[in-house]
Amino acid sequence: MPPLGAPRGTHDLLPDTATAWRWLHGVHAEAAELHGYRPIDTPVFEQTELFERGVGTGTDVVDKEMYTFSDRGGRSLTLRPEGTAGVLRAVLQANLLEEARPVRAHYAGPMFRYDRPQKGRYRQFHQVGIECIGERSPELDVEVIEVGWRFLQALGLAGVVLQVNSLGDLDDRMRYREALLAYYRPLADRLCDDCRRRLEINPLRLLDCKRDESLRDAAPVITDSLGESSAAYFAAVRGGLEAAGVAAEHNPRLVRGLDYYAHTAFEYWHSSLQGAQNSLGGGGRYDGLAEAIGFPATPGIGYAFGVERLLLVAGEQGSAPAPQPACDVVVCSLGPAEAQPAAQLARVLRAAGVRTVLDASDRKLDRKLRNADRLGARLCVIVGEDEVREGAAMVRDLGRRTQERHPAAGVVDAVTAALAAGRAA
Ligand code: HAM
C-alpha cells in the first residue's frame, strides 16, 4: 500500500513554518487589540443553515464549496467556509451587545472550502479577521479598514493596493439587479450554465463569473444605482480613509463573492498573487446578516485575511522572521554514567530560561556535535567522566569551535553570558 498523504488542498504546518506563523498571528492580535478588539473563538462547524442563509444560496461558497455532512443525530452541519457568520451568531447568541456597543472582536482559525487547489488557494486555509458589531457609522468602516491597513504595514508588506466600493442598501441593490437583468438577459445564450442559473436566482453573482470577463467588464456598475444617502455614506467613508492616510482606490466593479454585504466593501490586493487569488484579504459591511440568520437587525462590518497568502508575500519580500532553531544549547553526556548529571544540568539550564535539549544517546561525541549543529544550537555543554569527577562541565561554542571548562555551579552563568554575547554580535 502506498503511504497515505494529506488530503488534496490541505497542508501541514511543519515546525520550520511555526515562527512566521506565530509572528503573523501575534502582529494581527496586537494591531486589533490596539484598537480595542478582543479575541473570540467559535466552532469550526456550524449548522448548515447558518451559511445557506448568511453567505447566501447562489454564491459559489455555498453552492459548490461547502464541506457539509450529517452527524449521527441526523443534523446537517458544515465546516465553516468563513468566520463572519459564526462570530455574529456567537455575539448575538450571548447577548454581548447588552454589555457594550459596538462589540469589537478578532479571531483566527482554519476555514474550509472545496476550492480548486493552486498557489494561494487551499481547501483548508486559515484566516485572521475582525468584526465590529452593533453600530453603523462611516467612522467604524474607516476604523475596520484602517486596522487591516495598519496590520499589513506592521507585517512590512509593500505593494498592497486597497480597493473600496459601495454595494448600497437593499433598494440600491434592487435597482442594480434590474440593471443587471436588463443587460444580461439579451446575452443569455452567451452565458455559461452556472451564469444562466445565476441569472434566475442571484443576478449579482453573475459578476463572479471567471469564464467571459469581457461580458462582465461591459456590465453596469453598482455605483450608478446608488441612492443619495448611500452615495453620501460612501463619500464619508472615502473622506475618512483619506484623512487617516489610508490610500484607497474606488473600484466600482468590486462586488465580493458573499451575499451578505451592503454599503462598504473592500479588498486588499497584491500583485504577486495572481488572478483570482490576488486578494490578500477583504471584507465589508453586513447590516442584513443578523436578520438573515434569525436575530434582530444588527449592523456589522469586518474583514478577514488569508494567512497562507500573507505568508507567501511576506516570504517573497523577506519580511517574515527566519525559523527559530529548536534550542540554544545541547547538553551531551559522554557515557551512561554521565546521563544523570547531564540531565540535571539540562534542568538547571531550562530553569534559567535557556532552551535546552538533552542528548543522552550512545552516539559518539562528534555525531552529537553535528546533531547539535543541525538543531541550530549555539553551544554544547559536555559532561564526561572527568567532568563528573571534578564537578564541572565543558562549554563548547559550536560556531567558534572553542571550549572552556567551568565548575558545574558556574555553567548557567557561562552559558547565558555566551548566548548574550552571541546575540549582541
Ligand atoms: P473572503 O474574501 O471570502 O471573505 O475571504 C477572505 C480572505 O480569505 C481572502 O482574501 C483570501 O486571502 C482568503 N481565502 C479565501 N479563500 C481561500 C482559499 N480557498 N485558500 C486560501 N485562502 C483563501 C470572507 O471570508 C469574509 N468572512 C470576510 C469578512 C469579514 N467580511 C466581513 N467580515
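**View 1. R136 and D287 in this predicted model.** With a relative accessibility of 41%, R136 counts as partly exposed, whereas its partner D287 is buried, at a relative accessible area of 16%. R136 forms a salt bridge with D287, and the closest N and O atoms of the two side chains are 3.1 Å apart. The pair links distant parts of the chain, since R136 sits in the loop between β6 and α5 (138–154), while D287 sits in the loop between β10 and α10 (289–292), 151 residues apart. Side chains of opposite charge can pair when their charged atoms come close.

**View 2. A salt bridge between K119 and E316.** The structure holds 27 salt bridges, and in one of them the side chains of K119 and E316 meet at 3.7 Å, N to O. K119 belongs to the loop between β5 and β6 and E316 to helix α11 (residues 307–317), so this pair ties together parts that are 197 residues apart in sequence. K119 is exposed, with a relative accessible area of 52%, and E316 counts as partly exposed at 49% relative accessibility; the boundary that matters here is 50%, because a residue counts as exposed over that value.

**View 3. A salt bridge within helix α5.** R150 forms a salt bridge with E146, with the closest N and O atoms 3.0 Å apart. R150 and E146 are four residues apart in helix α5, so about one helical turn separates them. R150 counts as partly exposed, at 27% relative accessibility. Elsewhere, salt bridges that share partners join D60, D63, K64, D194, R197 and R198 into one network.

**View 4. The ligand and the residues around it.** The ligand is surrounded by 27 residues, of which E82, T84, R113, Y122 and Y261 are the closest. A polar side-chain atom of E131 lies 2.9 Å from a nitrogen atom of the ligand, and a polar side-chain atom of D115 lies 3.1 Å from a nitrogen atom of the ligand. In the side chain of Q127, an N or O atom is 3.1 Å from an oxygen atom of the ligand. On its own the ligand has 660 Å² of accessible area, and the protein covers 95% of this. The elements that give two or more residues to the shell are β6 (124–133), β10 (279–285) and β11 (300–306), and β10 gives the most, with six residues. By residue type, the shell divides into ten nonpolar, ten polar and seven charged residues.

**View 5. Backbone features in the loop between α4 and β5.** Most residues other than glycine have a negative phi, and most peptide bonds are trans. A cis peptide bond joins R101 and P102, with omega at about 0°, and P102 is found in the loop between α4 (84–93) and β5 (103–112). N95 lies in the loop between α4 and β5 as well, and its phi is near 55°, a positive value in a residue other than glycine. N95 counts as partly exposed, at 42% relative accessibility.

**View 6. A nonpolar surface patch.** V44, F45 and F69 make a nonpolar surface patch of about 240 Å². F45 lies in strand β2, which covers residues 45–47, and at 41% relative accessibility F45 counts as partly exposed.

Methods:
Residues are numbered from 1 along each chain as its sequence is written. This is a predicted model: local features need pLDDT of at least 70, side-chain atom pairs count only at pLDDT 80 or more; totals for chains, interfaces and linings use all residues. Side-chain values use heavy atoms; hydrogens and water are left out. A residue is near a molecule or strand if one of its heavy atoms lies within 4 Å of it. A polar contact is a pair of N or O atoms within 3.5 Å; within protein, one must be able to donate a hydrogen and the other to accept it, and residues adjacent in sequence count only if both atoms are side-chain atoms. Accessible areas come from the Shrake-Rupley method with a 1.4 Å probe; for residues, only the protein chains shown count as cover. Ala, Val, Leu, Ile, Met, Phe, Trp, Tyr, Cys and Pro count as nonpolar, Asp, Glu, Lys and Arg as charged, and the others, Gly among them, as polar. Buried means under 20% relative accessible area, exposed over 50%, partly exposed in between (1.4 Å probe, protein chains only). Patches are made of residues with over 30% relative accessible area and no salt bridge: like charges are joined within 9 Å, nonpolar side chains (Val, Leu, Ile, Met, Phe, Trp, Tyr) within 5 Å. A salt bridge is a side-chain nitrogen of Lys or Arg within 4 Å of a carboxyl oxygen of Asp or Glu.
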